[in-house]
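Open the structure in your viewer and keep a selection panel at hand. The stops below say what to select next and what is there.

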There are 2 protein chains.
Amino acid sequence: MTTLWRERPVGVVGLGLIGGSIGLDLMALDVDVRGLVHRQATVERARQRGLARQVSTDPAVLTGCALVLLALPLDQLLAPSPELLAALPKQAVIADLASVKAPVLAAWEPLVPRFVATHPMAGTAAAGVEAGQPNLFRGRPWVATPTLHTDPEAMAQIRDLARDLGARWLECDAQDHDRAVALISHLPVLVSAALLRAAEQGAEAAPRAAMPQLVRALASSGFADTTRVGGGNPELGTLMARSNRAAVVEALGQYRQALDGLEGLLERHDWEGLARELESCRALRPEFL
Amino acid sequence: MTTLWRERPVGVVGLGLIGGSIGLDLMALDVDVRGLVHRQATVERARQRGLARQVSTDPAVLTGCALVLLALPLDQLLAPSPELLAALPKQAVIADLASVKAPVLAAWEPLVPRFVATHPMAGTAAAGVEAGQPNLFRGRPWVATPTLHTDPEAMAQIRDLARDLGARWLECDAQDHDRAVALISHLPVLVSAALLRAAEQGAEAAPRAAMPQLVRALASSGFADTTRVGGGNPELGTLMARSNRAAVVEALGQYRQALDGLEGLLERHDWEGLARELESCRALRPEFL
């Protein structure tokens, strides 16, 4: 099998955190990276940062690419522009990098013949053309969700590229992926945001006027940790919930059961039971890290 | 007013994270610190680490102390040993440092005449005789919860000591304190533990056998942050919930409302509403940090 991106240009659509980081790593491997961006201001900056060899707002920049990585925000990915679709080379391997997979497959598999749905799990809070960084994917999972329609050779191209960037390649069913990220990525955002709201409302509801101030003064590192993802990008959080709604609602149901369990122990004054449950949760955590 | 601990010995009962850190800081201020510990092995180590000038398992080490700080685990504090009570100098200022205040006041105010209930908010995950560190309290809140029975001069002694250790002194009602820590310290533990349980149960409940492994493989830094306090010391978590049960149950009620609100937005496909709510939560977070 020819390793396409060693010999022919690779297109990267969107040069934010994920696209920019891929660009940097591929450029370091001497790959001919072609970046397609939305705004002219981004073109200049992406060139300066060395995210791609050529950068343009004109989809024609993708001409001749054997492989195109779609590093677009989820909403743009789910409603691709006709200009982008027209510019994608007909036989190119096209891969997306978004954090929800079933809706992306539903949108893209009918549009292009060699589509590969993937999700490199290497998010940070950063975004935009300044966010890309070298070695972002090193040691991180890069999940692919092949279907019956996925061309195995196309997927192998993306797999080899992911591995060259240092990622750990995983394959699973798209629905399993979406359920998994609902539990470990989208649910935490809601759980964490609700804690911010509860702390604020609990303080407001208290009989003393000084409570809102007191609650804010006493919040410490534990509160900061637990509310970090809930205080993240609201558009991103909404897009995740919207595009993965069924799995997120299911995850919320699981969460409610877990919380009910803890609340029941408190209601029954079952302190041994609570200690056992907290011990069991503590033992679970290292399995996830 | 005489600053008692400048002239006479200060007793510290328990030389774990909080007691040991106080010992280190007071020793650095050339205070004559007397440490009372439970086990002989701790005596040697506490001496080696310089947590106190004298360390003993014999409560008589507190003889002559003008001021005694009770840095005991909450369960031991709520059921003090007769030996400890007998050894406390009759006119000494006695202060506790526990994270729940109303039950401590109920237990201790009838026992000693000059009791001051306080809570230095400087926890870390560390515990035991190795945990104490210099400057732990610098810039951190140190809350006092005076009652009608609190001797103002006794409280002023503790206040000056806390300030000499660099802490920010705050005074509030004990019930307000307990409500506040329920919201920003005890509730996060339960919210966070429930997330670990939900991720595990959600993965187990999924139709595919590979889900438990997949969910564990994909958990990232957001999941790690949100579950940090839920994976903490289970005995401590249980003690907090037990000793602050009413306020924690109230906080859980607030939390349930907040979560219901988010779930309702998902159920109604109200994505604008969800984006607004997440934006509002994001704006709240800096107020707490």
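A residue counts as buried if 20 or more other C-beta atoms lie within 10 Å of its own, as exposed if 12 or fewer do, and as partly exposed in between, with C-beta atoms placed from the backbone. The model is predicted: local features need pLDDT of at least 70, side-chain atom pairs count only at pLDDT 80 or more, and totals for chains, interfaces and linings use all residues. Residues are numbered from 1 along each chain as its sequence is written, while chains are lettered from A and ligands numbered from 1 in the order in which they are written.

**Stop 1: chain A as a whole**

Select chain A. Of its 289 residues, 53% are buried. Along the principal axes, its C-alpha atoms fill a box of roughly 70 × 40 × 30 Å. Colour by secondary structure and 13 helices and 8 strands appear in chain A; helices (H or I, at least four residues) and strands (E, at least two) are DSSP runs, numbered from the N terminus. Two residues are in contact if their C-beta atoms, placed from the backbone, lie within 7 Å. Among the contacts in chain A with a separation of 6 or more, 69% are between residues 24 or more positions apart.

**Stop 2: the sheet of chain A**

Now select the strands of chain A. Its 8 strands form an open sheet with mixed pairing, in the order β3-β2-β1-β4-β5-β6-β7-β8. Two strands pair if DSSP finds at least two bridges between them. Why is one side of β3 (54-56) and of β8 (168-171) in chain A left without a neighbour in the sheet? Both strands stand at the edges, each with a single partner strand, so one side of each has no neighbour in the sheet. From one strand to the next, the twist averages 25°; axes are lines fitted to C-alpha atoms, for helices over the stretch in contact, and angles run from 0 to 180 degrees between N-to-C directions.

Zoom in on β7 (residues 141-144) of chain A, which runs parallel to β8(A) and is joined to β8(A) by 4 bridges. Here A:A144 stands opposite A:E171 of β8(A).

**Stop 3: strand β5 of chain B**

Move to chain B, where 8 strands again make an open sheet of mixed pairing, ordered β3-β2-β1-β4-β5-β6-β7-β8. Its edge strands are β3 (54-56) and β8 (168-171) of chain B, each pairing on one side only.

Select β5 (residues 93-96) of chain B. Which residues point each way from β5(B)? B:V93 and B:A95 point one way, B:I94 and B:D96 the other, and all are buried.

Add β4 (residues 67-70) of chain B, which pairs with β5(B) in the parallel sense over 4 bridges. B:L69 has B:A95 as its bridge partner in β5(B), and B:L70 has B:D96.

Then add β6 (residues 115-120) of chain B, parallel to β5(B) and joined to β5(B) by 3 bridges. B:I94 stands opposite B:F115 in β6(B). From β5(B) the chain passes through helix α6 (residues 102-108) of chain B to β6(B), in a right-handed β-α-β crossover. Right-handed here says that, with the strands pointing away from the viewer, the path from the first strand over the helix to the second runs clockwise.

**Stop 4: B:E235**

Select B:E235, in helix α11 of chain B. B:E235 counts as partly exposed because it has 15 C-beta neighbours inside 10 Å. Show B:D75 too: the two residues are 160 apart along the chain, and their C-alpha atoms are separated by 9.9 Å.

**Stop 5: the contact between the chains**

Show both chains. The contact takes 84 residues from chain B and 84 residues from chain A. On the side of chain B that touches chain A, α8(B) gives the most, with 24 residues. By class, that side has 51 nonpolar, 16 polar and 17 charged residues. Ala, Val, Leu, Ile, Met, Phe, Trp, Tyr, Cys and Pro count as nonpolar, Asp, Glu, Lys and Arg as charged, and the others, Gly among them, as polar.

Finish on α13 (residues 271-288) of chain A together with α8(B): their axes come within 9 Å and cross at roughly 65°. A:L278, A:C281, A:L284, A:R285 and A:F288 of α13(A) meet B:A193, B:L196, B:R197, B:A199 and B:E200 of α8(B). This contact has 7 nonpolar, no polar and 3 charged residues.
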